[in-house]
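Reader: I'd like to learn how to read ring pairs and helix packing in a model like this. Can you walk me through it?

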Amino acid sequence: MMKRIVSALAFAAMLALPAGAMADSVKVGLIAPFSGGFAIWGQQFQQSIEAFQKVNGTSAGGNEIEVIYRDAGGPDPAKSKQLAEELILRDKVKFLAGFAFTPNAMAVADLITEANVPTVIMNAATAVIVRKSPMYVRDSMTLPQQTGPLGKWVAEHGYKKVYTLVSDYGPGHDAEEQFVKTYTANGGTIVDSVRAPLSTTDYAPYVENMLQAKPDAIFIFMPAGPPSIAVMQEWDKRGLKAAGIPLFGTGETQEVFLPAIGEAALGAITAQHYDVQADNEQNNLLKKTLTDMFGKDTVPDIASVAAWDGMRLIYDAVAKLGPDADGKAYIDFMKGRTVDSPRGKFMIDPETRDVVQDIYIRKVVMKDGKMVNETFDTIPMVKDPWKAEHPE
Amino acid sequence: MTDRAAAPGLAAVRAPAAGRWLAWAGHVTPWVIAIIVFFTAGGYLSLGTNALIMILFAMSLDLALGYAGIVTLGQAAFFGIGAYAAGILAVNVTADPTAGLVFGTVVAALFGLFTGALILHTRGVTLLMMTLAILTLLFEVANQAGSLTGGDDGLHGIRMDRVLGLFRFDLWGKTAYLYTLVVLFGWFLVAWRVVRSPFGRSLDGIRQNPKRMRAIGTPVWWRLLAVYSLSAAMAGTAGALSAQTTQFVGLNTLGVFLSGIVAVMLVLGGTRRIYGAFVGAVIYVVVQDYASKINPYYWMFIVGAMLIAVVLFLESGLMSLVDAARQRIERALGGPGAR
Amino acid sequence: MSFGLTILLDGLAFGMILFLISVGLTITMGLMRVVNLAHGAFAMVGGYVAAVLTADGVNYFLAVLAGMIAAGIAGGVCEVTLYRPLYRKGELAQVLLTIGLAFVAIAALTLVFGTNYKTVALPDYLESPVDLGFRVYPAYRLFLIAVGLALAAVLWVVIDGSLFGARLRAAVDNRKMAISVGIDVNWLFTITFVGGSALAGLGGAIGAGMLPLEAFYPLRYLVLFLVVVIVGGEGSFKGSFLAALALGIIDTLGKYFLPEFAAFVLYSVVILLLLWRPHGLVPPKAVA
């Protein structure tokens, strides 16, 4: 215990040394993938943050906010931790942000606790992450938060038998578990639950098996990219859609990915916390600024929204508490805070520091020659069910 | 093909004082630099530790690939096994760093022995494919065995005890760096001796002409198996160090990308030059870090271009530049010492 | 019965994609003995060109052809500038240079096209399902099978039946002899590399429905391409045809009957196949 206090004091003493020219400048270290197979996450984060700073200026309450971007490459916890260390010790960031992947987010837990650095998770979706350090705040979502309400919704709308297919990795397991739990609790029957290896290229056999099992509906969870594109194409072309077997999912049909899937996606029903079509002030600002800055085809997705809102949290915290407040004070500020977001309103749960938000049920339709997700039902202010079911 | 590092004795004979002094200085330099880095790196110490681990990893590949000619893109298998073994031990049994280090090394060596026995009779691209297939299988196993490995989320909750009961792993990474440096030095001595031993010489022959070696009675297959297992052990240590210093193990430690990257490091620096691993690993780690900070999207361009340039223009890797410099200095200092 | 047929068709289609993209690599690896890890980059180039053209409304087949030509040109340029010096240097140098080339290609494509996924727009009749009598089946997959078989037939005629093919086979089997007999091996290599890259471009463009296009494409699918080539036997397009079929069907079977362990099935089979036939299903004649 003594050693911890001593090292914390030593660290604090180190921080007290002059940091550089701009004593007012508040640095935010954003760790995300900018290269490799997941580069789109980093790009969405960065574009959204630049848009935010264009609209809201680069200072909050008179303090300059500077974002430093670092490429974690992919799921690489060692690199993520190394970058976080450099950002904290060398660049003296006051906040960390980003984290597209759970392992990368988890790797910095001890570090941010010891260094007292508030960390805004903008994507990593495994429910338990925020428990690993009191310095985490998440403004994106958890998978149980989406698939739990979806399971209940599907059961309540007359689909008696469902076949689930998810990718065999953490988020897939999370999504499947919660869906199955609420779906069966509300009277549904699971025909089969299959987990496909993440490295799968051809999903035809998996979808064929689903067709043969003749369910009322199918539930999938695939990372957005080749897996989700492949599964949705097969759902359409293999005749499941035509046979009246609807597809339920979460993030697979976001507008930014729809062009690559094509018309095969029409009719898919998903549960998400962000509706790109939503007509509210923040969303209109986000969309317009993005297209102004980066071209007419720029479309926001959940990464963009999380980054936009994450900056809002940081800006507000710094404006209220100034640039040199204690890390925990910033966290306390964010606890219980409600934010006007492009997704509507969301709140940071004061107990769990996780996001509480509306979940929209929407369907992919063709509107004015473009494919969009149209919301037709809303489940208000959903807390992450996993934490409620697994108390500490 | 002058291989100066392979014949230090000759150099000593050729140019008494200057040559010996230069050789000695050359050997000491990397370690002196490492110590200097320790005192000056500040917030970058973590990067330094990572570089040291990669040096060890690249050195292991040099033994198998550079000296013995075993073309493998599956070296990450041993790194990953060492990492997971050390991590799982720390989480479930004991968090003593030395125990984890030994455990990781031994498990990786055994795996090397087992898979080597299976595939080392093949050659060329077939061997390459085998190593890739084994690596991919191992990746899937680690992904599936979630309760043990954490699966896709990674193995977290590794909290290491003090090194030798004395040195705590601190926030700054100082203990981690020195710990890694000591282990690296230990393995370096082993590698140096092995490469200069008769066993090591025979590897040279095996790489160049296995048939002839067999004809003169060398037990080729056994030698290959031995060096493959040794290389696996070394890579396993590197993996264990990674798990212990970052206190986390991700599936990427079993990734094909990592295997490719370590091969890149080795060739950049120069194969069959133990120090090639040093130069290559440090250059790659530093360039990748620097380039990705300048432009996170396009650092691959810089590294790729560098690779192409090195292969086309600097056949023996960057170490050949060091050689050239050394020759110049020797010529200037020692007269007859130069070739 | 119809289930068995479905598995066969699915396996065939997947195998054909593998064949389409990998056959070019087989030929170049077999002929030039160059380990070309950047092969996927040429496939990607073909795919992207086709994607851009179809997005602008160009006819599908013309777009694919354009993709092939673009990939072929890219291949020709690279061969003359980068690959020629590689023939003498060992396997390791080739592996490393081509990895570097793949990196450069990925970064360049990211610069031009960004990080999102692209697809090649299929004509309507390929989009919709086809009624086969016993079931409805995606037309696209039948198209893949047809193209794969047609390509195999064309290659058979060209490589086994023509003078060019004879020279090619001669140079593969015994390069020194071929040179001494007067075959211009340099020219042959360039032409072959252009052909191999064009084939890759064809595979990338036609296969985009199953392997979506994105900047990381060359590395994402690299192991898959290598598996087909090495299991098939370098230099033998028959071998790669067989290997692609076998792997496609085995992988599909694995997914049907052991869905969670399909990846294990595939790679275990690869290891077993290579232990049984270390030089591939159809080994090169001159194993030197």
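Reader: Let's start with two rings: are C:Phe42 and C:Phe193 buried or exposed?

Author: Keep in mind that this is a predicted model. Both C:Phe42 and C:Phe193 are buried.

Reader: And how do I describe a pair of aromatic rings?

Author: You give the distance of the centres and the angle of the planes. Scanning the whole structure turns up 40 aromatic pairs over all chains. Take B:Trp31 and B:Phe278, which pair edge-to-face, 5.5 Å centre to centre with 85° between the planes. B:Trp31 sits in helix α2 (residues 16-40) of chain B and B:Phe278 in helix α13 (residues 274-294) of chain B, so their pairing ties together parts 247 residues apart in sequence. With under 20% as the cut-off for buried, B:Trp31 makes it at 14% relative accessibility, and B:Phe278 does too at 9%.

Reader: Which aromatic cluster does B:Trp31 belong to?

Author: One formed by B:Trp31, B:Phe185, B:Phe188, B:Trp192, B:Tyr275 and B:Phe278.

Reader: OK, now helices. What numbers describe two packed ones?

Author: The angle between their axes and the distance between the axes. Here, helix α3 (residues 60-83) of chain C packs against helix α4 (residues 91-113) of chain C at about 135°, with the axes 12 Å apart. That makes α3(C) and α4(C) oblique to each other, and their crossing is right-handed.

Reader: Which residues make the contact?

Author: C:Cys78, C:Leu82 and C:Tyr83 from α3(C), plus C:Leu97, C:Thr98 and C:Leu101 from α4(C). By type, the residues of this α3(C) and α4(C) contact are five nonpolar, one polar and no charged.

Note on methods:
Residues numbered from 1 in each chain as written. Chains lettered and ligands numbered in written order. Predicted model: local features only at pLDDT ≥ 70, side-chain atom pairs only at ≥ 80, totals over all residues. Heavy atoms only, no water. Axes fitted to C-alpha atoms, helices over the stretch in contact; angles between N-to-C directions. Helix = DSSP H or I, 4+ residues; strand = E, 2+ residues; numbered from the N terminus. Parallel < 35°, antiparallel > 145°, perpendicular 65-115°, else oblique. Left-handed = near helix turned anticlockwise from the far one by under 90°. Contact = heavy atoms within 4.5 Å. Nonpolar A, V, L, I, M, F, W, Y, C, P; charged D, E, K, R; others polar. Phe/Tyr/Trp six-rings, centres within 6.5 Å; stacked < 30°, edge-to-face > 60°. Buried < 20%, exposed > 50% of the residue type's maximum accessible area, 1.4 Å probe, protein only.
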